[in-house]
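Q: I am new to this structure and would like to learn how to read it. Could you take me through a few of its features, one after another?

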Amino acid sequence: MSNKWSGPVEKIDDYRWRIPLSYKKGMRVPGIIYADKEMLEQIREEQGLEQVANVAFLPGIVCCSLAMPDIHWGYGFPIGGVAAMRIDDGVVSPGGVGFDINCGVRLLRTNLKKEDVMPKIRQLVDALFASVPSGVGSEGKIRLSKGEIDQVLVRGSRWAVEKGYGKPEDLDVTEEHGEMKGADPSKVSGRAKERGAPQLGTLGSGNHFLEVALIDEIFEPAIAADMGIDEVGQVVLYIHCGSRGLGHQVADDYVKEMVRAMAKYGIELPERQLACAPVKSPEGQAYLAAMRCAANYAWANRQCIAHWVREAFCRVLGICEADAGLEMIYDVAHNIAKIEDHQLNGKKEKLCVHRKGATRAFPAGHPDLPQIYARIGQPVLIPGDMGRVSYVLVGTERAMKETFGSTCHGAGRVQSRAAAKRHLTGREVLHELEAKGITVRAESLSGLAEEASEAYKDATKVVNIAHNAGISKIVARTRPIGVIKG
Amino acid sequence: MRRFKLIEHTADIGLVAYGRTLAEAYGNAAYGMFSIMTDLRKVREAESRVVELNEDDAEALLFEWLNRLLYLFDVERLLFKRCEVVEFDGNKLKAVCHGEKFDPLRHRIKLGVKSATYHMLKVDREKNRVQVILDV
């Protein structure tokens, strides 16, 4: 149903393209797309660039409406979109975060090598599948008492650690320490809390997964070493999930609220899914307070899941956690809005940065980074699709200057779910993965078909653009050996 | 009469629902959404819930209608196979929804739906047709 986008794009350099301000009356800033020529052609096949132009209508947007190389057609904002707004006269838009608030990625390292794990990979994948509830409507093993949900919403990962899920050190290497300040549970509806309470500690469905992987290549050994990535063949583990029904309900509630607010504040936009309110308005502040609650819920969720992952590893391999060396490398959000300090026209200014399907990528020396990464910059985790490679990157100074410290978040879809299923059945995808030496457990076979490699851009091409454009630096590549799909 | 058709979207999935009346189109949109989630032939009409909504306009009503049903699925694990819109007045509706609780032994969830979105959301009052993109 998507038509080819035929709007104007001007070349800035091999990796940067501009949608000029003149494209549409009402754009306040130009659009900037990070892509190479080949990727740009693919992007133009659908309406993602129209969405980049639409985001440029939002009041208070500064510099440009940005698209990362994994951009694809979303709803309202494109996926892979970054937009920063002034606090004084700018807006915040729940559509600029999305329904899965703080969908994100956590990466754990181990002391284990391929040969330690391969003989038991089937048992390990089965154990992970059994320990981490997945699938639609899955309910967790955690029973929250009434009122306890508010603790989760305010304290996030710290709540989980105090309950015995993981260690205090995990908090140091989680964006916002897994406990974003300014979260106010009174701004979260009863319905959102009802949805969230039984789902804490669950993976969910869609593109969410656990992945056991091997380090496939190290490009920056010194940087990798600081993260505990030491050699090719080392085992690592990814967790990719979000805030489940709680986040979805917060987004629903506030999109509705913002549609009302737009009339009140006299804001007009090309489509309702971009609905927004001034950052400083009661509606804007309430959304940010509720969004932070959902973000904290998502961090608590990944914290609990990481704990069960550690237990499952140790149980299956018969070793203790210290010997396994199951330490967190980092945890990043890729659907979030944050108030951050950035340089604007040579002056430090607070901005409301929306990242929808985009990852924060702060450079070495940034005050928000944990001590251990002060020297190398923030780890950026880029999961590929199920059958192919994923990447570990670090943030750069150039990202700070050009993209409000942001980069890509994943491979980015190129095929609709229905199209993916027309080409391959779930069983075929399963056989293909097994043939590549990847052990898979999935809640749903059709879900597996929808997430087939063919439905995605090649993560390698995406990260190469981010790397060559200078908005992040490639550190290491990983290759999956075991996948658990919701 | 055809109740709904799917529309493809790169990251998500959409549907257009039809009806002899707009009220029926809203009911069919719910049917379409649950058909995306599961095989409704395997869902019995064992329980019902009454949903009453009063929103700012017909578009907000469609958005909230589908999201309220997703809320009921998350919280009560209810899959609805028939939603009868018994009262309808542009921005208000009352519906009686029939279905049963998700039973992993008999039901399989094909695709999880996170939310209805406003993206490309359309209510065609003349043709009694509604369109919505779902975030999945």
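The dialogue below takes up a sheet, a contact between chains and two backbone angles.

Q: Before we begin, what kind of model is this?

A: This is a predicted model, and we should keep that in mind throughout.

Q: In which order do the strands of the open sheet of chain A stand?

A: To read a sheet, one follows the strands from one neighbour to the next. Here the open sheet has seven strands in chain A, with the order β1-β2-β3-β4-β5-β13-β12, and their pairing is mixed. Because β1 (10–13) and β12 (335–344) of chain A each have a single partner strand, they stand at the edges, and one side of each is left without a neighbour in the sheet. From one strand to the next, the twist averages 25°.

Q: In which sense do β5 and β13 of chain A pair, and over how many bridges?

A: Strand β5 (residues 79–86) and strand β13 (residues 347–356) of chain A run in the antiparallel sense, paired over six bridges. As an example to look for, A:Met85 has A:Cys352 in β13(A) as its bridge partner.

Q: Which strands does helix α16 of chain A touch?

A: Helix α16 (residues 459–469) of chain A packs on the sheet, where it touches β2 (16–19), β3 (31–34) and β4 (65–72) of chain A, and the direction of the helix makes about 145° with that of β4(A).

Q: How many residues does each chain give to the contact between chain A and chain B?

A: The size of an interface is often given as the accessible area lost when the parts come together, but one can also count residues. The contact takes 41 residues from chain A and 34 residues from chain B. On the side of chain B that touches chain A, the elements giving two or more residues are β1 (4–8), α2 (58–76) and β8 (129–135) of chain B, and α2(B) provides the largest share, nine residues. That side of chain B divides into 16 nonpolar, 11 charged and seven polar residues.

Q: What is the phi of A:Glu176, and is the residue buried or exposed?

A: Most residues other than glycine have a negative phi. A:Glu176 is not a glycine, yet has a positive phi of about 60°. A:Glu176 is placed in the loop between α6 (168–172) and α7 (190–196) of chain A, and it is buried because 21 other C-beta atoms lie within 10 Å, where 20 or more are needed.

Q: Where does B:Asn128 lie?

A: B:Asn128, also not a glycine, has a positive phi of about 50° and lies in the loop between β7 (122–124) and β8 of chain B. B:Asn128 counts as partly exposed, because it has 18 C-beta neighbours inside 10 Å.

Key: Residues numbered from 1 in each chain as written. Chains lettered and ligands numbered in written order. Predicted model: local features only at pLDDT ≥ 70, side-chain atom pairs only at ≥ 80, totals over all residues. Pairing = 2+ DSSP bridges. Helix = DSSP H or I, 4+ residues; strand = E, 2+ residues; numbered from the N terminus. Axes fitted to C-alpha atoms, helices over the stretch in contact; angles between N-to-C directions. Contact = placed C-beta atoms within 7 Å. Nonpolar A, V, L, I, M, F, W, Y, C, P; charged D, E, K, R; others polar. Buried ≥ 20, exposed ≤ 12 C-beta atoms within 10 Å, placed from the backbone.
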